[in-house]
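User: I would like to learn how to read a structure like this one. Could we go through it together?

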Amino acid sequence: MTLNVALTRRRSVRSYADAPVPADAIHGIAGLVLGSVTPDGKRAAPSAGGLYPLGLGVAARHVDGMEGGLYAASGDVPALRRIDDRDTLPALGEAAIGDQPWVAGCACIVTLIGDGARMAGHFADQPPKGARGARYLYIEAGAAAQNAMLYATERGVGSVLVAGFDDQATALALRVEAPEVPLLHLCLGMPEG
């Protein structure tokens with residue numbers, strides 16, 4: 001599939017078939033968000049100052065080739081490591097703001113996590129004072145999320161971006177500790193029909 005085709009086919013998918021998402025799609029998303037995509041170590045999404053402040057939390061329920069549970073990845077190594085065997089999708093659904101049944105009902109959630117303090121400290125001298133780093137963090141997360149959703153589209157996996165959630169409850173469910181914070185979810189599943 002060409003990029004142009006992926007761009008025209010990418011839609012927010014909130015209803016999913018009772019079918020597993022392939023594990024290699026989840027690992028591919030992790031590689032796109034956290035790993036290098038060129039021989040000289042460049043990543044798919046731009047990063048202000050080359051700081052690469054993103055990490056991942058993956059709540060897997062119905063993924064072919066992965067045990068259910070909570071996974072994490074950070075830094076330059078996109079390899080997911082299982083940190084809990086519990087199904088965290090119900091807790092993430094409870095943390096969602098408003099009526100968002102696809103959060104608890106999807107096959108898997110990939111959550112982008114960021115180190116806001118690191119970004120704020122690095123860009124503290126740039127105006128507006130103390131806020132520039134947060135702006136860069138959200139820009140990087142958005143670029144990485146779009147790449148991930150285009151990749152999911154290419155793989156035939158439905159996705160929807162969710163940023164409406166209680167930050168503290170989400171961090172607790174994903175075992176995220178300060179200074180890192182959850183930024184957004186990519187709810188994933190095989191589209192219905």
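User: Which residue in E8 does Gly 114 stand opposite?

Analyst: Happy to help! This is a predicted model, in which local features need pLDDT of at least 70, side-chain atom pairs count only at pLDDT 80 or more, and totals for chains, interfaces and linings use all residues. Residues are numbered from 1 along each chain as its sequence is written, and side-chain values use heavy atoms, with hydrogens and water left out. Strands (E, at least two residues) and helices (H or I, at least four) are DSSP runs, numbered from the N terminus. Two strands pair if DSSP finds at least two bridges between them. Here, Gly 114 stands opposite Val 181 in E8. E6 and E8 (residues 180–189) are antiparallel, with eight bridges.

User: Which residue of E6 is the bridge partner of Gly 55?

Analyst: That is Ile 113. Seven bridges join E2 (residues 54–60) to E6, again in the antiparallel sense.

User: Are the residues of E6 buried or exposed?

Analyst: Buried means under 20% relative accessible area, exposed over 50%, and partly exposed in between (1.4 Å probe, protein chains only). In E6 (residues 108–115), eight of eight residues are buried. Cys 108, Val 110, Leu 112 and Gly 114 lie on one side, with Ile 109, Thr 111, Ile 113 and Asp 115 on the other.

User: What counts as a salt bridge, and how many are there?

Analyst: The rule asks for a side-chain nitrogen of Lys or Arg within 4 Å of a carboxyl oxygen of Asp or Glu. The count comes to five. One of them joins Arg 61 and Asp 87, at 2.9 Å from N to O. Arg 61 lies in the loop between E2 and E3 (63–64) and Asp 87 in the loop between E5 and helix H3 (89–95), so this pair ties together parts 26 residues apart in sequence. Arg 61 is partly exposed at 34%, and Asp 87 is partly exposed at 38%.

User: Which residues are joined into one network by salt bridges that share partners?

Analyst: Look at Asp 84, which is buried at 11% relative accessible area. Its salt bridge with Arg 86 has closest N and O atoms 2.6 Å apart, and Arg 86 is exposed at 54%. Arg 175 also forms a salt bridge with Asp 84, at 3.6 Å. This second pair links distant parts of the chain: Arg 175 is in the loop between helix H7 (167–174) and E8, and Asp 84 is in strand E5, 91 residues away. Through shared partners, Asp 84, Arg 86 and Arg 175 form one network.
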